[in-house]
Amino acid sequence: MHELSLARDMTRIIGKVLGGCRPLDTVNITIGPLSGISPESLRFCFTEVAKMEGFGEPKLVITETEAKLICLDCNVEYQAKEFYQGCPSCGSFSRRILSGREFTVDSVEIMEGTD
Amino acid sequence: MCDDTTIQIVDISTPVMNKNDRFAASNRELLSGKNIFTLNLISSPGAGKTTLLESMARFFGSKMAVIEGDVQTDRDAERVRKAGCQAWQIETGGSCHLDAEAVNHALGHMDLESDELALLCIENVGNLICPSGYDLGENLKIGLISLPEGDDKILKYPSLFSRISVLIINKMDLLPHIDFDVNRTIDECRSLNPEVMVFTISAKTGEGMEEFCGYLENQFSG
Ligand SMILES: Nc1nc2c(ncn2[C@@H]2O[C@H](COP(=O)(O)OP(=O)(O)O)[C@@H](O)[C@H]2O)c(=O)[nH]1
Ligand SMILES: [Mg+2]
Ligand SMILES: [Zn+2]
């Protein structure tokens with residue numbers, strides 16, 4: 001369950017940019033399919049951590065990217081949604097990972113009442 | 001009721017591992033400045049990390065130091081000290097992995113000044129999932145699996161086995177008693193990770209230890 005520490009890292013990063021905690025409407029993040037992070041478990045942890053730390057109950061919007069890989073057998077560059085997807089052209093699993101491990105907090109949305 | 005609300009979007013654009021990676025870079029700089037080659041050892045609980053370190057400690061003696069990561073107790077550090085080398089215990093207090101900041105603190109407590117010291121081994125918390133994404137500042141990430149765990153583990157934990165530089169298959173002394181396809185394990189690991197180095201050992205009997213320790217020696221003296 002390293003998702004719990006990751007959720008705490010997320011609120012630390014958000015709090016730092018905002019200069020403190022405040023209720024959020026939405027949190028937008030990006031997770032690569034090879035990051036080793038379980039989106040469901042992160043969602044569960046983040047909901048708890050955000051509430052506990054004074055960020056309210058924001059919607060967590062997760063953009064799941066595709067990984068970029070290059071086949072070491074036939075040199076084809078391809079995209080994959082998960083680890084178990086081999087080269088579409090020759091079926092090989094022998095490959096180099098070009099991207100797919102990213103995990104970023106992209107932005108937060110804050111509702112502001114005009115009064 | 002006033003539903004005249006606006007939404008303010010605040011750009012964050014920050015990789016979540018930033019802080020860990022900064023500490024990892026600082027550990028790496030500190031250790032390479034002292035010519036210390038560093039290993040991050042990852043496996044399930046009971047695969048034989050501490051036994052391997054005991055065996056390595058007998059081989060390397062004061063050339064080697066150890067950081068032990070455990071949820072609780074400093075039993076493993078005590079075992080390694082008895083085998084003959086400096087060991088510092090990090091008690092993570094519930095956390096399922098080590099991070100680079102915890103290692104950074106540990107380094108501050110250790111004696112790294114001896115000219116002899118050439119190898120630092122970090123035993124991560126026993127877990128095949130959580131430690132995989134945390135760079136500690138090591139030179140080599142090593143994954144260790146043991147025969148009793150079964151030969152289907154590699155593809156179940158791709159996040160770890162795609163990142164390691166060295167795969168150790170431990171408890172080879174049990175091969176006559178256990179259905180474990182060593183070649184399948186190696187093939188599956190190479191499929192995720194074409195450049196992985198593989199060692200088959202028994203930390204208990206010493207089988208394969210000379211080869212593995214020789215390989216490490218080449219890394220830090222070569
Ligand atoms: N048969 C056999 N047992 C081993 C071997 N290496 C470790 N063990 C045993 O496996 C158990 C767990 O070992 P330990 O080193 O504490 O595992 P760790 O949790 O990964 O640090 C202990 O009872 C060890 O004696 C080995 O090569 N062969
Ligand atoms: Mg241990
Ligand atoms: Zn191909």
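**Notes on the two metal sites and the A/B interface**

1. Let's start with Cys87(A), which is buried, at a relative accessible area of 4%. Its partner in what follows, Cys74(A), has 29% relative accessibility and so counts as partly exposed, since the buried class stops at under 20%. Keep in mind that this is a predicted model.

2. What are these cysteines doing in the model? Both are among the protein donors of the zinc ion (ligand 3), together with Cys71(A) and Cys90(A). Each of the four gives its SG atom, and the distances to the zinc ion run from 2.3 to 2.4 Å.

3. How are the donor atoms arranged around the zinc ion (ligand 3)? The site is tetrahedral, with angles of 105 to 117 degrees among the 4 donor atoms. For reference, the ideal angle for four tetrahedral donors is 109.5 degrees.

4. Along the sequence, the zinc donors read C-x2-C-x12-C-x2-C. Cys74(A) and Cys87(A), 13 residues apart, tie together distant parts of the chain. Cys74(A) sits in the loop between strand E3 (67-71) and strand E4 (77-80) of chain A, while Cys87(A) is in the loop between E4 and strand E5 (95-99).

5. Over in chain B there is a magnesium ion (ligand 2). Its protein donors are Thr50(B) through OG1, Asp76(B) through OD and Glu123(B) through OE, at 2.1 to 2.2 Å. The spacing of these donors along the chain is T-x25-D-x46-E.

6. The magnesium site also links distant parts of its chain: Thr50(B) belongs to helix H2 (residues 49-60) of chain B and Glu123(B) to strand E5 (residues 119-123) of chain B, 73 residues apart. Are these two buried or exposed? Thr50(B) and Glu123(B) are both buried.

7. Now the interface. On chain A, 36 residues are in contact with 31 residues of chain B. The two chains bury about 2800 Å² between them, and 58% of that is on carbon and sulfur atoms.

8. Which residues make the salt bridge between the chains? Arg96(A) pairs with Glu195(B), with 3.2 Å between the closest N and O atoms. The count across this interface is 1 salt bridge, alongside 13 residue pairs in polar contact.

9. On chain A, the elements giving two or more residues to the side that touches chain B are helix H1 (2-18), E5 and strand E6 (103-113). E6(A) supplies the largest share, 11 residues.

Conventions: Residues are numbered from 1 along each chain as its sequence is written. Chains are lettered from A and ligands numbered from 1 in the order in which they are written. This is a predicted model: local features need pLDDT of at least 70, side-chain atom pairs count only at pLDDT 80 or more; totals for chains, interfaces and linings use all residues. Side-chain values use heavy atoms; hydrogens and water are left out. Donors are N, O and S atoms within 2.8 Å of the metal (3.2 Å for Na, K and Ca); water is not among the atoms, so sites may look incomplete. Four donors count as tetrahedral if all angles lie between 85 and 135 degrees; four count as square planar and six as octahedral if opposite donors are over 155 degrees apart and all others between 65 and 115; anything else is irregular. Helices (H or I, at least four residues) and strands (E, at least two) are DSSP runs, numbered from the N terminus. Buried means under 20% relative accessible area, exposed over 50%, partly exposed in between (1.4 Å probe, protein chains only). Contact means heavy atoms within 4.5 Å. Buried area is the accessible area (1.4 Å probe) that two parts lose on being put together, summed over both. A salt bridge is a side-chain nitrogen of Lys or Arg within 4 Å of a carboxyl oxygen of Asp or Glu. A polar contact is a pair of N or O atoms within 3.5 Å; within protein, one must be able to donate a hydrogen and the other to accept it, and residues adjacent in sequence count only if both atoms are side-chain atoms.
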